Amino acid sequence: MSTTTSSSLQVSLLLSLFILTSLVAVSAGNFYQDFDITWGDNRAKILNGGNLLTLSLDKISGSGFQSKNEYLFGRIDMQIKLVAGNSAGTVTAYYLSSQGPTHDEIDFEFLGNVSGDPYILHTNVFSQGKGNREQQFYLWFDPTMAFHTYSIVWNTQRIMFLVDNIPIRVFNNLESIGIPFPKSQPMRIYSSLWNADDWATRGGLIKTDWTKAPFTASYRNFKANACVWSSESSCVSLSTNSLQTSEWQNQAPNAAERNRIRWVQQKYMVYNYCNDFKRFPQGLPAECKRSRFL
């Protein structure tokens, strides 16, 4: 091969790598730039030059926001400080979702409780419109006293839920045994604070105390190391070429992280659909038999 041909090939390869790498966005967010307030009138506010967002709930309405971008795989981090005091009946939801009857969804939901009782962190995964994969946890800290980081890692092999970078749950891709996995529908980030006192706290036995309103949750330090979907490009095949920003693409729990998952699930898990034999009298879902860390 001639020197000229070799140089041209190198330039072409570098240009291709640059184009592919540019499809993966690393966003250390500004809420004005990254999100739209979608409902709640003035109950949702962006403050501090875009570095802080608050949602509030009163007897008339809650509030919510969504990301401007859609993502197809990546790592999403958000720091949240939850409603303090008597939060019974309230739900703070933070999740990824596509749209339509066969939508995909990856959920964090924080179920409020009376003062002195712990929040319940509710997680779920929907694929092709089917959910019913709930796992619930108490947290090992008070999530109302300070900001904590809640993260979703989503790649072609698995979905990981993390709290302060501690993995609490893994949902593996088991398409090999016929279980749908979210992999082809771009998803936006959504969050909302709303009243769900018909079910959220002790199955609806405890109602929202509106004398404590307004209820407020706060958000900061949003980060998205993820593939931003656009109509001109397919992130599924291209984002894997971004080497510097894409540890999430093959991220899996290492030995220490597996021990952390065991610790969380043994000490703080309060519900696991994979143990609910009454709910599934015909047999547990197939994925429950194939992984210890679903």
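In the predicted model, Glu105 is in contact with Tyr95, Leu96, Ser97, Asn124, Val125, Phe126 and Met187, when residues up to four places away in sequence are left out of the count. This glutamate belongs to strand S8, which covers residues 105-111, and its side chain makes a polar contact with the side chain of His103 at 2.9 Å. With a relative accessible area of 13%, Glu105 falls below the 20% cut-off and is therefore classed as buried.

Glu105 is one of two positions, the other being Glu109, that the unreviewed UniProt entry lists under "active site"; such annotations may be inferred rather than shown by experiment. Glu109 is likewise found in strand S8, and because its relative accessibility is 15%, under the 20% limit, Glu109 also counts as buried. The contacts of Glu109, again without residues up to four places away in sequence, are made with Val91, Thr92, Ala93, Ile120, Leu121, His122, Trp194 and Trp199.

The setting of these two residues is a chain whose secondary structure comes to 4 helices and 16 strands. Of the 294 residues in the chain, 53% are buried, and among contacts with a sequence separation of 6 or more, 68% are accounted for by residues 24 or more positions apart.

Strand S6, formed by residues 71-81, is mostly covered, with 10 of its 11 residues buried. S6 pairs with strand S15 (residues 215-228) in the antiparallel sense over 8 bridges, and within this pairing Ile80 stands opposite Tyr219 of S15. S6 is also joined by 7 bridges to strand S11 (residues 148-154), the two strands running antiparallel; here the bridge partner of Arg75 is Val153 in S11.

Aromatic side chains provide further links between elements of the chain, and a search of the whole structure finds 19 aromatic pairs. One of the pairs is formed by Phe35 and Phe222, whose ring centres are 4.8 Å apart and whose planes make an angle of 75 degrees, an edge-to-face arrangement. This pair links distant parts of the chain, since Phe35 lies in strand S2 (residues 35-39) and Phe222 in strand S15, 187 residues apart. Phe35 and Phe222 are both buried.

For Phe73 and Trp154, the ring centres are 4.9 Å apart and the planes stand at 55 degrees; because this angle is neither under 30 nor over 60 degrees, the pair is tilted. Phe73 lies in strand S6 and Trp154 in strand S11, so the pair ties together parts of the chain that are 81 residues apart in sequence. The antiparallel pairing of S6 with S11 is thus accompanied by a ring pair between residues of these two strands, and both Phe73 and Trp154 are buried.

Ring pairs also link Phe31, Phe35, Phe65, Tyr219 and Phe222 into a cluster. Two members of this cluster have appeared above in other roles, Tyr219 as the residue of S15 that stands opposite Ile80 and Phe222 as the edge-to-face partner of Phe35. A contact of another kind involves Arg260, the charged end of which sits over the ring of Trp263, 4.8 Å from the ring centre.

Terms used. Residues numbered from 1 in each chain as written. Predicted model: local features only at pLDDT ≥ 70, side-chain atom pairs only at ≥ 80, totals over all residues. Heavy atoms only, no water. Buried < 20%, exposed > 50% of the residue type's maximum accessible area, 1.4 Å probe, protein only. Contact = heavy atoms within 4.5 Å. Polar contact = N/O pair within 3.5 Å; in protein donor to acceptor, adjacent residues only side chain to side chain. Pairing = 2+ DSSP bridges. Phe/Tyr/Trp six-rings, centres within 6.5 Å; stacked < 30°, edge-to-face > 60°. Lys NZ or Arg CZ within 6 Å of the ring centre and 35° of its normal.
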